[in-house]
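Open the model in your viewer and set it to cartoon. We will go from stop to stop, selecting as we go.

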Amino acid sequence: MAVKGTGGSALYDVIGTGYARVRRPDPRIARQIHQALGAAATVLNVGAGAGSYEPTDRHVIAVEPSTAMVRQRPPGSALALRATAEELPFADGRFEAAMALLTVHHWSDPTIGLAELRRVTRGPIVVLTFDHAWHADQWLVAEYLPSMVTLDAQMPGPSVIAEALGGALIEVLSVPHDCTDGFCHAWWRRPDAYLDPMVRASISGIARLPGPVVDEAMARLASDLANGRWHQTHQNLLEREEIDAGYRLVIAH
Ligand SMILES: C[S@@+](CC[C@H](N)C(=O)[O-])C[C@H]1O[C@@H](n2cnc3c(N)ncnc32)[C@H](O)[C@@H]1O
């Protein structure tokens, strides 16, 4: 089955400039990803961005098409090649494992990109993605930015990615309340964070929406926070340490 994506390295040249300041890897999430990579000594990171979650105890090669993202890779991080998932410049079976984190939905052709990952990898392929239905149920989307659902509908979900990889385990990746990595639902218990334009700029699902739609939603959120309505409605969340916000690790062997 062909898997559709939204096409997006140019997007990251525009929205990606402050990415590394907001998207700081979370150690708990890192543990789960690194465990999924197994004992692999050579790892390919596709759509690597600023290098989040690249293991430091293995030989990593990164593939990233956006210059703005490559520039944010910390000194000493793995070699990053300017290439795309759809055309990986490597021989068959070159890597023992591969990872593709929060990137597949940006590829212009995920079917080809996932086949390329399979071609160059001998062992586990670890994809971090999200389940659209869970995503749509999160308060940020359900109550403030429902137009994100339309964009999500065009993106491949976990089971579609698993099928494209020839079968995979799908694991829940829970989001701790104090997650250091500012992806879309990372701030589920810290709603004020969404009022910060820099936080929103690092969330592609928000950055893609028309400005007036986001402005209206943020004005409403600011008002609900000021008058206590948000806290009243989400009392149950304030007691939670972590939630399943729909993030999934697809692990193919
Ligand atoms: C949300 S960022 C994720 C970056 C990193 N994996 C992380 O988790 O922090 C998505 C990345 O996918 C990259 N990307 C977009 N289209 C791509 C393609 N066709 N092939 C490889 N990477 C692509 C973007 O440039 C961007 O750096």
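Which elements do the buried residues of α5 pack against? Select α5, residues 110-120, in this predicted model. Its buried residues are P110, G113, L114, E116 and L117. They span an arc of only 155° around the axis, so they sit on the same side of α5. Now add β1 (42-46), β4, β5 and α9 (158-164): the buried residues of α5 pack against these elements.

**The whole chain**

Zoom out. The protein chain has 14 helices and nine strands. Its radius of gyration is 18 Å, close to the 18 Å that the globule rule gives for 253 residues, so the chain is as compact as a globular protein of that length. Along the principal axes, the C-alpha atoms fill a box of roughly 60 × 40 × 30 Å. Buried residues account for 44% of the 253 residues. Turn on contacts with a separation of 6 or more: 71% of them join residues 24 or more positions apart.

**The sheet**

Next, select the seven strands of the open sheet. Their order is β3-β2-β1-β4-β5-β9-β6, with mixed pairing. At the edges stand β3 (79-81) and β6, each with a single partner strand, so one side of each has no neighbour in the sheet. From one strand to the next, the twist averages 25°.

Start at the β3 edge. Strand β2 (residues 59-63) runs parallel to β3, and three bridges join the two. Label I61 to find L79 of β3 opposite.

Move to the other edge. Strand β6 (residues 169-172) pairs with β9 in the antiparallel sense, over four bridges. Here L169 stands opposite I251 of β9.

**Strand β9**

Stay on β9 and select residues 247-252. How many of its six residues are buried? Six of the six are, so β9 is largely enclosed by the rest of the structure. Show the side chains. Y247, L249 and I251 point one way, while R248, V250 and A252 point the other way. Now add strand β5, residues 125-130. β5 and β9 are antiparallel and share six bridges. F130 is the residue opposite Y247.

**Helix α3**

Select α3, residues 27-36. This helix lies across β4, β5 and β9, and runs at about 15° to β9. Which of its residues are buried? They are I29, I33 and A36. Their arc around the axis is only 60°, which puts them on the same side of α3. Their cover includes β4 (97-101), β5 and β9. Rotate to the other side of α3: P27, R31 and Q35 are exposed there. Then step past the helix to G38, which follows α3 and has a positive phi, near 65°.

**The core**

Last stop: the nonpolar interior. In soluble globular proteins, nonpolar side chains tend to be buried together. Here, the largest nonpolar core holds 64 residues. Select V43, A98, A100 and V126, which touch the most other members. Then centre on A98. What is A98 in contact with, leaving aside neighbours within four places in sequence? The partners are V43, L44, V46, L117, T121 and I125. One of them, L117, takes you back to the buried side of α5.

Terms used: Residues numbered from 1 in each chain as written. Predicted model: local features only at pLDDT ≥ 70, side-chain atom pairs only at ≥ 80, totals over all residues. Buried ≥ 20, exposed ≤ 12 C-beta atoms within 10 Å, placed from the backbone. Pairing = 2+ DSSP bridges. Core = buried A, V, L, I, M, F, W, Y, C linked by C-beta atoms within 7 Å. Contact = placed C-beta atoms within 7 Å. Arc of directions from axis to C-beta. Axes fitted to C-alpha atoms, helices over the stretch in contact; angles between N-to-C directions. Rg over C-alpha atoms; globule rule 2.2 N^0.38 Å.
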